[in-house]
Amino acid sequence: MKARLIVTSESPLSIRIARSTASYESCRYIPGTTLLGAFASAHRKIRNDETEFTRFFLSSEVFFSNLYPANFQASEFSNTDLRDDEQPVKPVPNTARSCKRFSGFRFKSDPDKQERHGVMDSLIHWGLFAVSDQTKAEILTANMKCTYPVERNECCELLDTFSGFYRHGTNITEIGKSAVTTRLLTRTGISRETGAVQEGILYNREVLNEGQQFWGMMSFADESLYDEFYDFAEDVASKGLLRIGNNLTRGLGKLSLTEFQEFVPDNILSFKQRVLAFNQKFHAEAQERCVDLPHQFYFPITLQSDAIISDSQLRYQTVLNGEYLHQALNLADATLVYQNASTRRVIGWNALFGLPKAAEWAISMESVFLFGYNGKTDDVFYQCLYDIEQTGIGKRTLEGFGQVTVADPFHSEVNEYESRDENH
Ligand SMILES: [Zn+2]
């Protein structure tokens, strides 16, 4: 079973991205690895129970996840579904595009306060361009400029990449980006010899401000395990022991538990409808633009967290491809037709042993892979894709790596540049 977990920062959070001392930036979300480490070290402090420790943290029965910023408190979002914590928060996919000058979701934008011209997803356009053997450039050029209406004309700025974390309501036209506020803290160095302030050592650390919420989804082998973990998590939080990130001894990193409730994911029927809807839209757009499709069926896989994938010889993979789907996930006949992916080095700190974890290469969250498929679209096919979405891919899924969405509606339904009068 799955449960959504929402925490609130009670003091500033500092989560280092790199080990280098030159880096002052903080990660904008709480990585699953950090969350697992925080709960594990709290367990050591308040429970003397090795069996429970093993069940919670070592036996692959509790899956942690990244917690993404869920701050939709801006006044324009009052009375919208964006404040509904039942709705997931996800990273904006790499294929999203927005006006270069006034970027952001158009939904509930107030031009007098903060002008936002809208967001669209470019995956279907890039996918069609790719399957046309890159001959139909007009598909891309027709969707390069901002069409936001300004004084009887259009904005006409170029569309640029757009990133962050978003949530949409039950109707996807209600969509917005989460705020994440940060500040710089200036700190003095401490002398190792005297334990007092070291002269001449002053450094800056970026922190995420207190009072912000973070949303994630954990998985449990069964309901009784969820109940046990729930009691433990409440105990930890009520004792003020849920602490994450760096500089804990200086009062940073304190979290409170805001919500921890069962989450019911899409069942296979609604999952199937979603996958079919993407394929239908892809075919319809292909027909409209006279592109012959070499495959019968198309589906995208979008990374909701970094994924660590290695091949049979344990080499890190920088893409998801048909061979991987076949060998690791048992889905034959799929071919990668388009990708918008990036990679990143994952560092970590093992809070259990107080040691750094080996660095690994991951395919970054927000990466998007579009597959063409010529096999049978039977129950086995849908079940296989459903399982990929439910259990994740690659290594360290226990720490929240490898979370994916198949046929995310973002790719087929987010286009605020199509006229939608209520959003203007
Ligand atoms: Zn614009």
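Where α6 meets α8, the contact brings Ile268, Phe271, Lys272 and Val275 of α6 up against Tyr382, Gln383, Leu385 and Tyr386 of α8. Sorted by type, the residues in that contact come out as six nonpolar, one polar and one charged. Keep in mind that this is a predicted model. Helix α6 turns up again below, as it also packs with α3 and lies across β16 and β21.

**Helix α6 and its helix partners**

- Start with the α6/α8 geometry: α6 spans residues 268-288, α8 spans residues 379-391, and their axes come within 10 Å.
- The two axes cross at roughly 100°, and angles of 65 to 115 degrees count as roughly perpendicular, so that is the label for α6 and α8.
- Helix α3 (residues 123-131) is another partner, packing with α6 at an angle of about 60° with the axes 10 Å apart.
- That pair falls outside the parallel, antiparallel and perpendicular ranges, and α3 and α6 are therefore oblique to each other.
- As for handedness, α3 and α6 make a right-handed crossing.
- On the α3 side the contact uses Ile124, Gly127 and Leu128, while α6 brings in Lys281, Phe282, Glu285 and Ala286.
- The α3/α6 contact residues split into four nonpolar, one polar and two charged.

**The four-stranded sheet**

- This one is an open sheet, with strands ordered β17-β20-β16-β21 and antiparallel pairing.
- At its edges sit β17 (334-340) and β21 (404-406), each of which pairs on one side only.
- On average, neighbouring strands here are turned by 25° against each other, ignoring direction.
- Inside the sheet, β16 (residues 297-303) pairs with β20 (residues 368-373) in the antiparallel sense, over six bridges.
- If you want a spot to look at in β20, Phe369 has Ile301 standing opposite.
- Helix α6 lies across β16 and β21, and runs at about 120° to β16.

**The three-stranded sheet**

- Another open sheet has three strands in the order β4-β10-β11, again with antiparallel pairing.
- The edge positions go to β4 (90-91) and β11 (175-177); each has a single partner strand, so one side of each is left without a neighbour in the sheet.
- Strand β10 (residues 165-168) runs antiparallel to β11, and three bridges join them.
- Across that pairing, His168 stands opposite Ile175 in β11.

**Domains**

- According to the domain assignment, domain 1 comes in two pieces, 2-70 + 180-263, and domain 2 covers 268-413.
- The domain centres, taken over C-alpha atoms, are 28 Å apart.

Key
Residues are numbered from 1 along each chain as its sequence is written. This is a predicted model: local features need pLDDT of at least 70, side-chain atom pairs count only at pLDDT 80 or more; totals for chains, interfaces and linings use all residues. Axes are lines fitted to C-alpha atoms, for helices over the stretch in contact, and angles run from 0 to 180 degrees between N-to-C directions. Helices (H or I, at least four residues) and strands (E, at least two) are DSSP runs, numbered from the N terminus. Angles under 35 degrees count as roughly parallel, over 145 as roughly antiparallel, 65 to 115 as roughly perpendicular and the rest as oblique. Two residues are in contact if their C-beta atoms, placed from the backbone, lie within 7 Å. Ala, Val, Leu, Ile, Met, Phe, Trp, Tyr, Cys and Pro count as nonpolar, Asp, Glu, Lys and Arg as charged, and the others, Gly among them, as polar. Two strands pair if DSSP finds at least two bridges between them. A crossing is left-handed if the near helix is turned anticlockwise from the far one by less than a right angle, and right-handed if clockwise. Domain bounds come from an automatic or database domain assignment.
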